[in-house]
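Me: Please take a close look at one part of this model. I would like to understand the second largest pocket, and then how the sheet is put together.

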Amino acid sequence: MYESEYRSALKQAGFGNLEMSLLNQTELTSEGELRLTPKLIWQLVKAIWIADVIRDVSYQLRPYEVRKGSVDGVVGNYLYILYTLLKEGKSLPTIIKALRTLRWELDTLRFDYSRVKPVVSVIGEFWAHTTESEGNYNIHRWLEEEGAEVKPEPVAGWIDYQLFITAELLKLEIRAKGITVERLKKLVFTELLAKSLRGFYRILRKVFSDRARELPSQKYLAELAKPYYDPLVTGGEGHLEVAKHIYAIKHKKSHMVVSVKPFGCMPSTQSDGAQAKVVADYPESIFVSVETSGDAEVNVKSRIQMKLFEAKRV
């Protein structure tokens, strides 16, 4: 479906001969000129995991910087250094050394933690809550300007979820159809891959003295969501939106939760139906769900501001 829409858009824009590659995130396969090789996948994992950790730390520090722009200045310089190291295929110890230097540079900056700010978790449809662009009205930076400390969701968490669901569906298949060598090999590989990637994320967190938030257990998130949303109902973020909301409340990870999605996103709309029950069961929750579209920015920001006012009073 999406492929034909993208090809149509390219053709109408005058790029009908432009080659397009498709990536399958669950099967780790590709179609087109781009070929997914183990080396390329490892390079992508390193880049995404590093970016996740730096982004998380930056969002925790920036609201409290004494000199405005100091965090972005340091991080911006090191992002280019890290990009160069990754592009040149430098070893992991070399990259970690650069990350340690970044941490030391950040340690030299001055921060004022006497400023009281509500922590706002941004969840929702994967692209809408991840992007920092006009696609979600630059909601992360806007929330900072409105006096919040933003808790962004890592891309690593999404990949961890995909591996968890793949393993759970394999277990169901084994129970229904019986165990085979092929199914067992695939299950063991999936679970080992998930553990390895989580382990790599922990290594990167330790570079920053565990300042970046840990990845919650996918099994635990599924258990939190199960009374409200079947974890085996996939599509979009599946049960994750409900689970992240409950996790934020139960473990006091944030004062407020914003769920953002493109207009008409069906999986996220289904989650909103379950969120009504979550809010009823957790009355201390401050939750708002918004949809992005070309003419909705003023309305969206107005609704968020009203909830943010409540969060500031907590």
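Reply: In this predicted model, the second largest pocket holds about 570 Å³ of space. Its lining counts 23 residues. Nearest the pocket's centre lie Phe164, Glu168, Lys171, Gln218 and Lys219.

Now look at where the lining comes from. Three helices each give at least two residues: helix 7 (155-177), helix 8 (181-207) and helix 9 (218-225). Helix 7 supplies the largest share, with 9 residues.

Next, sort the lining by class. There are 11 charged residues, 9 nonpolar ones and 3 polar ones.

Turn to the sheet. In general, strands of a sheet pair through backbone hydrogen bonds, either parallel or antiparallel. Here the pairing is parallel, and 4 strands form an open sheet. Read across, their order is 4-3-5-6. Strand 4 (149-151) and strand 6 (287-292) are the edges, and each of them pairs on one side only. Neighbouring strands are turned against each other by 25 degrees on average, direction ignored.

Zoom in on one pair. Strand 3 (residues 119-124) and strand 5 (residues 256-262) run parallel, joined by 5 bridges. Take Gly124 as an example: its bridge partner in strand 5 is Val260.

Finally, find helix 12 (residues 297-313). Helix 12 packs on the sheet and touches strand 3, strand 5 and strand 6. The direction of helix 12 makes about 165 degrees with that of strand 6.

Technical notes. Residues are numbered from 1 along each chain as its sequence is written. This is a predicted model: local features need pLDDT of at least 70, side-chain atom pairs count only at pLDDT 80 or more; totals for chains, interfaces and linings use all residues. Side-chain values use heavy atoms; hydrogens and water are left out. Two strands pair if DSSP finds at least two bridges between them. Axes are lines fitted to C-alpha atoms, for helices over the stretch in contact, and angles run from 0 to 180 degrees between N-to-C directions. Contact means heavy atoms within 4.5 Å. On a 1 Å grid over the protein atoms alone, a cavity is a set of points where a 1.4 Å probe fits but cannot get out, and a pocket is an open set with protein on both sides within 12 Å along at least five of seven lines; lining residues have an atom within 4 Å of a point. Grid points are joined across faces, edges and corners, and a volume is the space filled by probe spheres set on the points. Ala, Val, Leu, Ile, Met, Phe, Trp, Tyr, Cys and Pro count as nonpolar, Asp, Glu, Lys and Arg as charged, and the others, Gly among them, as polar.
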